[in-house]
Amino acid sequence: MPESATVNQVKQSISTPKAEKVFRAGETIMSQGEMGACAYFIQEGRVRILVEKGDGTILDMGTRGPGSIIGEMAIVDNQPRSATVKSLERCTLLEITKEDFARSVRGANPIVRLISQVILMRYRDILRRSQTLLTESPETPSPEESERAYAEQTNVVESIKLANEFKVAIVSGQLFLHYQPIISISSGRVLGLEALMRWRHPERGIVPPDEFIPMAEGSGLIIEASRWAIAEVCQMLNRLSVRRPDLEDLYVSVNLSATDFEEETFLDNFCRILQENQTQANRFHIEITERLLLQQPKNVKNSLERCRRLGMKVVIDDFGTGYSSLSYLHQYPIDTLKIDRSFVHEMRSDKTVFGLIKSILTLRENMGIDIVAEGVEEAEEVTLLSQLDCDNAQGYYFARPMPESELAAVLDARNPQV
Ligand code: G
Ligand code: G
Ligand code: MN
């Protein structure tokens with residue numbers, strides 16, 4: 001009886017992958033024309049690369065040794081192997097499977113994907129022309145056809161267009177911020193504001209952040225956009241201090257991404273913007289996700305420590321949805337956790353979620369970490385949170401994200417001037 005797909009999947013996932021493969025001298029490692037499932041990184045030994053031309057003659061393409069990669073093309077574009085590779089001596093090779101590669105490509109920026117595909121297609125075309133390869137047949141699509149087909153089957157054109165439009169948006173005033181109050185339940189006062197980026201597209205109207213933020217992060221444009229947001233927050237605070245000089249403790253929480261932290265000059269620029277606007281760093285809280293800590297961009301720990309030395313607070317957003325490891329909490333300088341809104345919603349119906357929130361709250365006493373409940377929508381949730389002594393909350397129940405023009409009224413009502 002054939003084994004079920006599930007059994008096979010389980011077998012595959014538990015069979016230990018061979019970390020390295022050994023070939024004896026003279027063995028064929030891969031054959032021209034075959035479909036390839038993996039590339040190899042040569043650890044030890046030398047190999048010879050051979051190409052058979054259409055007329056049957058064999059071309060010697062030279063040898064490769066430790067540190068080289070062989071068989072990379074087939075796993076990138078799913079075409080037959082363009083050469084035969086034989087070991088000249090005992091070789092140990094590290095396998096890079098098509099799946100390993102596909103996984104990393106899925107996460108890559110679409111423009112990077114498109115350009116690498118096109119370079120590869122053109123390279124294969126040159127190979128075909130120079131060697132009249134066996135694989136050539138009248139049905140082989142022309143390079144132009146292949147490139148067009150590739151571009152069509154991905155959303156690359158839309159991504160490039162969106163990225164170009166976003167570049168224009170940053171410099172031409174199409175971006176703006178909404179602010180959502182973070183409230184003390186017991187006093188009703190606004191403690192701080194979360195700045196949320198919005199894009200008013202000239203033709204498409206308001207583009208939702210979950211459409212443009214991932215693109216902006218993937219393309220690196222978020223760095224420019226974050227810089228714009230920081231400057232905008234400084235100016236808002238300056239305007240506010242004219243009307244309400246008494247609210248000097250009110251903070252603004254800005255969302256930053258891993259891409260921001262990967263840019264070495266990001267924090268220097270941040271400080272420069274603060275100086276230019278004469279804004280105190282301690283007016284800023286920076287929100288990052290657990291995902292960012294997991295990705296561990298270079299020097300993120302140093303950067304966060306620097307933020308803290310400057311007087312900013314470091315906030316973990318959407319806490320509980322990532323790959324939470326409590327070890328982050330002592331590894332990184334973290335001041336505040338924002339309990340993800342999905343937990344706040346389920347707290348009433350699911351006892352384990354209630355218990356989870358309760359244990360998150362113990363971090364406050366044990367580690368001195370502040371806790372904010374996100375996405376509070378119902379009065380009942382507010383009651384439960386105050387019973388748990390979770391005083392800081394944000395959500396539609398208290399206030400929706402709003403333009404700066406509406407802030408004054410909310411602040412005057414909740415934080416009356418004495
Ligand atoms: O209002 P809301 O739909 O804004 O936000 C959706 C998501 O977009 C949130 O997860 C939020 O963290 C993210 N986001 C909003 N504004 C910004 C911003 O200025 N920078 C970054 N990196 N993310 C933001
Ligand atoms: O991921 P982050 O926490 O930065 O995202 C904030 C997002 O949550 C914004 O899109 C904001 O509009 C949204 N938001 C704020 N309050 C509520 C709420 O009470 N309910 C829901 N569903 N979303 C909220
Ligand atoms: Mn946030």
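The following exchange works through a predicted model, from its domains and sheets to one helix, one residue and one ligand shell.

Trainee: How many Å separate the centres of domain 1 and domain 2?

Mentor: The domain assignment of the chain places domain 1 at 16-154 and domain 2 at 157-414. Taken over C-alpha atoms, the separation of the two centres is 45 Å.

Trainee: Which are the edge strands of the open sheet that contains β8 and β3?

Mentor: Strands of a sheet can pair in a parallel or an antiparallel sense, and in this open sheet of four strands, ordered β1-β8-β3-β6, the pairing is antiparallel. An edge strand here is one that pairs on one side only, and that applies to β1 (20-23) and β6 (69-70).

Trainee: Which residue of β8 is the bridge partner of Ile-42?

Mentor: Strand β3, residues 38-44, and strand β8, residues 91-97, are joined in the antiparallel sense over six bridges. The partner of Ile-42 in β8 is Leu-93.

Trainee: Which residue of β16 does Leu-337 stand opposite?

Mentor: Strand β15, residues 336-339, runs parallel to β14 (residues 313-319), to which three bridges join it, and also parallel to β16 (residues 370-373), with four bridges. Leu-337 points the same way from β15 as Ile-339, whereas Thr-336 and Lys-338 point the other way, and all are buried. Towards β14, the residue opposite Leu-337 is Ile-316; in β16, Leu-337 stands opposite Ile-371.

Trainee: What span should helix α15 have, and how far apart are its end C-alpha atoms?

Mentor: Helix α15 covers residues 351-367, and its 17 residues, at 1.5 Å a residue, should span 24 Å. Just after α15, Gly-368 takes a positive phi of about 70°. The expected span agrees with the model, because the end C-alpha atoms are also separated by 24 Å.

Trainee: Is Met-73 buried, exposed or partly exposed?

Mentor: Met-73 lies in helix α2, residues 72-77, and, leaving aside residues up to four places away in sequence, touches Gln-79, Ser-82 and Leu-120. Its C-alpha atom is 10.0 Å from that of Gln-117, which is 44 residues away along the chain. Since a buried residue needs 20 or more other C-beta atoms within 10 Å, and Met-73 has 19 such neighbours, Met-73 counts as partly exposed.

Trainee: How many charged residues does the shell around ligand 2 have?

Mentor: Ligand 2 is surrounded by 13 residues, the closest being Gly-375, Glu-377, Gly-395, Tyr-396 and Pro-401. By class, four residues of the shell are nonpolar and four are polar, while the number of charged residues is five.

Key
Residues numbered from 1 in each chain as written. Chains lettered and ligands numbered in written order. Predicted model: local features only at pLDDT ≥ 70, side-chain atom pairs only at ≥ 80, totals over all residues. Near = placed C-beta within 6 Å. Nonpolar A, V, L, I, M, F, W, Y, C, P; charged D, E, K, R; others polar. Helix = DSSP H or I, 4+ residues; strand = E, 2+ residues; numbered from the N terminus. Expected span 1.5 Å × (residues − 1). Domains from an automatic or database assignment. Pairing = 2+ DSSP bridges. Buried ≥ 20, exposed ≤ 12 C-beta atoms within 10 Å, placed from the backbone. Contact = placed C-beta atoms within 7 Å.
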